[in-house]
Amino acid sequence: MRLPGEEESGGMGFSVAYMVVGVSVFILIILLAVFKSNDHKSGGSEYLKEMQEKQEAEAQAEATADAELAEEPERKLRAEDLDFWDMYPVEGAESADTASDSTEESTKKKSSYEEKAEKERQEQKQKEEEALNDPSTDGKHTLVTNMDGTEEWVLINPYLTKNTYDFTKLEEKANLKRYMENGKKTSYVGVDVSKHTGTINFTGVKAAGVDYMMIRLGSRGYSTGQISLDENFKENIEGAIEAGLEVGVYFYSQAITREEAVQEANFVIQNLEPYRAKVKYPVAFDMEFVANDQSRVDGLSRDDKTTVTAAFLEGIKAAGYVPMIYGDKEWLIKEIDMTKLQGYDVWLSQEEDIPDYPYQYTMWQYATDGVLNGINGNADLNICFVNYSER
């Protein structure tokens, strides 16, 4: 049995149930839509974040590259850095044969250039060697003017004692040379005389500033071989001593054997005996060629002349006098062997403002045409670097 209102109540419940279901489905659909929408938003957010990070990384890399580029030294642009050269064809590159010919030609040009460069190097080297071996500048040679006027460069002997004179210290006063050191004269003025000088005013010579006189004692004839006393020897030596001049002597030799040289030395010693105590300056040996004529010594070898010279000097030394060799540059360097005569003083004859004889010498004859008070005509002027009177 149905109660009143039951049917109506049951119908309403069914409608309500449908409505509840419909609402629930609607709500479910809305929730699903919301969830899906959230999923899309979440995905888009991650994508944007990823893009942002990528842009930041690229910006960082670009900044780093700019910094590294700034640190590198500025590189200059070179022709080979330009890529437009490839636009132009290489001449001769049309074929393999042409390229080969071009390579060969290039090789030939390179070889020719290298040969030219090598030739230039060799020429330069030769010039340098020639300059190095130039006897006028190498400091190892000295120029000798021979009697016939010819010149030659002669190697300087390293075993002979060299002179150490500083000719910037050489002064000339009244035509007479003086060697000065620290404002003080350390040299001695001399003159050499013979019968050819003529009459001499010895007092006038002394007053002119002369300190010593080298007097020719005698000579041997260059053709006859006869020994003779100089005609003015006695007058000259006594006049010089009386005037207060220091004296030495020389002998003109033409000896061709050792025996003749000893004979000449004995002749000198004998004629010096009266003046022994007064002869303080050297006794010089003078052997030389005769101008424009033949002489006895022309046929002697260098060794022969050296032997004759040594024989004379040994005799003079044994007698207690100071022996000396007289000669010009040619004679001293070429005609005798000075390595065998090093123990003897040298009297150099060289008419120059400054002598260039490289070896040691103690006396220098610098003029044969000098002007000197007390002598009429030309005077043979000398300078001595040793005070023989105190030796």
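In this predicted model, the lining of the largest pocket is made up of 17 nonpolar, 15 polar and 15 charged residues. That pocket has a volume of about 1300 Å³, while the second largest pocket has a volume of about 190 Å³. The protein that holds these pockets has seven helices and 14 strands, and buried residues account for 35% of its 391 residues. Among contacts between residues at least 6 apart in sequence, 61% join residues at least 24 apart.

**Pockets**

- The largest pocket is lined by 47 residues, and those lying nearest its centre are Asp-286, Glu-288, Tyr-326, Ser-349 and Gln-365.
- Strand S7 gives the largest share of this lining, with four residues.
- The second largest pocket, with its volume of about 190 Å³, is lined by 13 residues, of which Thr-161, Gln-342, Tyr-344, Val-346 and Gln-360 are the closest to its centre.
- Sorted by class, the lining of the second largest pocket holds eight nonpolar residues, four polar residues and one charged residue.

**Helix H5 and its surroundings**

- Helix H5 covers residues 258-272, and because a helix is expected to advance 1.5 Å a residue, its 15 residues should span 21 Å, which agrees with the 21 Å between its end C-alpha atoms.
- The buried residues in H5 are Glu-260, Ala-261, Glu-264, Ala-265, Phe-267, Val-268, Ile-269 and Leu-272.
- The cover over these buried residues includes the strands S7 (212-220), S8 (227-229), S9 (246-252) and S10 (279-286), together with the helices H4 (233-242) and H6 (302-318).

**Lys-305 in helix H6**

- Helix H6, which is among the elements covering the buried residues of H5, contains Lys-305.
- Lys-305 has a relative accessibility of 3%, and it therefore counts as buried, the cut-off for that class being under 20%.
- Leaving aside residues up to four places away in sequence, Lys-305 touches Met-287, Phe-289, Val-297, Leu-300, Trp-331, Glu-335 and Ile-336.
- With one of these residues, Glu-335, the side chain of Lys-305 makes a polar contact, side chain to side chain, at 3.1 Å.

**Thr-168 in a loop**

- Thr-168 is found in the loop that runs between strand S2 (151-155) and strand S3 (170-173).
- The relative accessible area of Thr-168 is 68%, so this residue is exposed, given that the exposed class begins over 50%.
- The side chain of Thr-168 makes a polar contact with the side chain of Asp-166, at 2.6 Å.
- Measuring from C-alpha to C-alpha, Thr-168 and Tyr-179 are 9.0 Å apart in space, and they are 11 residues apart in sequence.

**Two asparagines with positive phi**

- Asn-182, in the loop between strand S4 (176-181) and strand S5 (184-185), has a phi near 55°, which is a positive value in a residue other than glycine.
- Asn-182 is exposed, its relative accessible area being 86%.
- Asn-292, placed in the loop between S10 and H6, likewise has a positive phi, near 60°, in a residue other than glycine.
- Asn-292 is exposed, with 81% relative accessible area, and its loop leads between two elements, S10 and H6, that are both listed among those covering the buried residues of H5.

Key
Residues numbered from 1 in each chain as written. Predicted model: local features only at pLDDT ≥ 70, side-chain atom pairs only at ≥ 80, totals over all residues. Heavy atoms only, no water. Expected span 1.5 Å × (residues − 1). Buried < 20%, exposed > 50% of the residue type's maximum accessible area, 1.4 Å probe, protein only. Contact = heavy atoms within 4.5 Å. Polar contact = N/O pair within 3.5 Å; in protein donor to acceptor, adjacent residues only side chain to side chain. 1 Å grid on protein atoms, 1.4 Å probe; cavity = no way out; pocket = protein on both sides within 12 Å on 5 of 7 lines; lining within 4 Å. Points joined across faces, edges and corners; volume = space filled by probe spheres on them. Nonpolar A, V, L, I, M, F, W, Y, C, P; charged D, E, K, R; others polar.
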